[in-house]
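Hi everyone, thanks for having me. I'd like to walk you through one chain today, starting with a small detail and then stepping back. Have a look at the screen with me.

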Amino acid sequence: MNVVEAIYARRAVRAYQPRMVDEPTLRLLLAAAVQAPSAMNQQPWLFSVVQDTAQLKRYSDRAKEMLLSVTVADAKGAHYRGLLETPSFNIFYDAATLVVISVSARGPYSDADCWLAAENLMLAACDSGLGSCCIGFAVPVLNEPEVKAELGLGPSAVAIAPIILGYPATATANIARGAPNIVAWMHAK
Ligand SMILES: Cc1cc2nc3c(=O)[nH]c(=O)nc-3n(C[C@H](O)[C@H](O)[C@H](O)COP(=O)(O)O)c2cc1C
């Protein structure tokens, strides 16, 4: 798969086989992640890998509580509230691996750096036959002090990009994109 094929093939996967991603494969993906560009070449990313499904279930349950405590009034909010209120809903879709990309202290570009590393990770995962999905729902729980400590993060660290990984249980539908919304394109007069 070349890089453009991977870009088009990657989709958010939300159903996984129980099969665990092995350590050599994960290390290859992390090595690809750190090839991402970063502001001033700071390479600020820290990686925490969770491959304990009981721990992930605990984080999911706490995340649901936290997210439900925030009132969301719009239609999308109502949709998500319904999901979060469903006892069997696991915000990690029962994936057996979570990679959390964090920084030791937030700077002006740390979110960009982490998400660029996350995209590299997801494209490399796709090339290895793995599915992935960003889990924004997990960000609040991963930044709770006791969870940060479990993830090897100090008090000033910030968990930014949570990515689940695993072997897809089913084929994933393509989500069509709109055409690029080009609002300016200037040539010399
Ligand atoms: C920052 C970010 C946070 C996301 N959080 C979630 C999430 O919490 N749960 C989820 O199922 N998908 C999440 N997604 C995945 C998007 O829903 C998905 O990328 C989008 O619907 C487009 O689908 P595709 O990735 O298959 O093309 C997130 C994506 C991004 C970029």
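So, which residue forms a salt bridge with R62, with the closest N and O atoms being 3.0 Å apart? That's E144. Before I go on, please keep in mind that what you see is a predicted model.

Let's find those two residues. R62 belongs to helix α3, while E144 sits in the loop between α6 (139–142) and α7 (145–150). The two are 82 residues apart, and the pair links distant parts of the chain.

Is E144 buried or exposed? The cut-off you need here is that buried means under 20% relative accessible area. E144 has 15%, so this residue counts as buried. R62 comes out at 33% relative accessibility, so we call R62 partly exposed.

Now, R62 has another partner. E65 forms a salt bridge with R62 as well, and there the closest N and O atoms are 2.9 Å apart. This pair stays inside one helix: both residues lie in α3, which covers residues 53–68. They are 3 residues apart, or about one turn of the helix. As for E65, the cut-off for exposed is over 50%, and E65 counts as exposed because its relative accessibility is 51%.

Let me come back to E144, which is buried at 15%. Put the pieces together, and salt bridges that share partners join R62, E65 and E144 into one network.

How many salt bridges are there by this rule? The count comes to 7. One more of them I'd like to show you is D111 with R106, where the closest N and O atoms are 2.8 Å apart. D111 has 29% relative accessibility, so D111 is partly exposed.

Okay, let's zoom out. The chain has 7 helices and 4 strands. If you trace them along the sequence, you read α-α-β-α-α-β-α-β-α-α-β.

What about the strands? The 4 of them make an open sheet, with antiparallel pairing, and the order across the sheet is β1-β2-β4-β3. Why is one side of β1 and of β3 left without a neighbour in the sheet? Well, β1 (46–50) and β3 (131–134) stand at the edges, so each has a single partner strand. From one strand to the next, the twist averages 25°.

In the middle of that order you can pick out β2, residues 97–103, and β4, residues 158–166. These two run antiparallel, and 7 bridges join them. To see one partner pair up close, find S102 and look across to β4: its bridge partner there is A159.

And what lies across β2, β3 and β4? Helix α5, residues 110–127, does, running at about 5° to β4.

Last bit: the chain as a whole. The C-alpha trace spans about 60 × 35 × 35 Å along its principal axes. With 189 residues, a compact globule would have a radius of gyration near 16 Å, and this chain's 18 Å agrees with that. Of those 189 residues, 40% count as buried.

The chain exposes about 10800 Å², with carbon and sulfur atoms supplying 59% of that area. Finally, take the contacts with a separation of 6 or more: 82% of them come from residues 24 or more positions apart.

That's my tour, so thanks for listening!

Methods:
Residues are numbered from 1 along each chain as its sequence is written. This is a predicted model: local features need pLDDT of at least 70, side-chain atom pairs count only at pLDDT 80 or more; totals for chains, interfaces and linings use all residues. Side-chain values use heavy atoms; hydrogens and water are left out. Two strands pair if DSSP finds at least two bridges between them. Axes are lines fitted to C-alpha atoms, for helices over the stretch in contact, and angles run from 0 to 180 degrees between N-to-C directions. Contact means heavy atoms within 4.5 Å. The radius of gyration is taken over C-alpha atoms; the globule rule is 2.2 Å times the number of residues to the power 0.38. Buried means under 20% relative accessible area, exposed over 50%, partly exposed in between (1.4 Å probe, protein chains only). Accessible areas come from the Shrake-Rupley method with a 1.4 Å probe; for residues, only the protein chains shown count as cover. A salt bridge is a side-chain nitrogen of Lys or Arg within 4 Å of a carboxyl oxygen of Asp or Glu.
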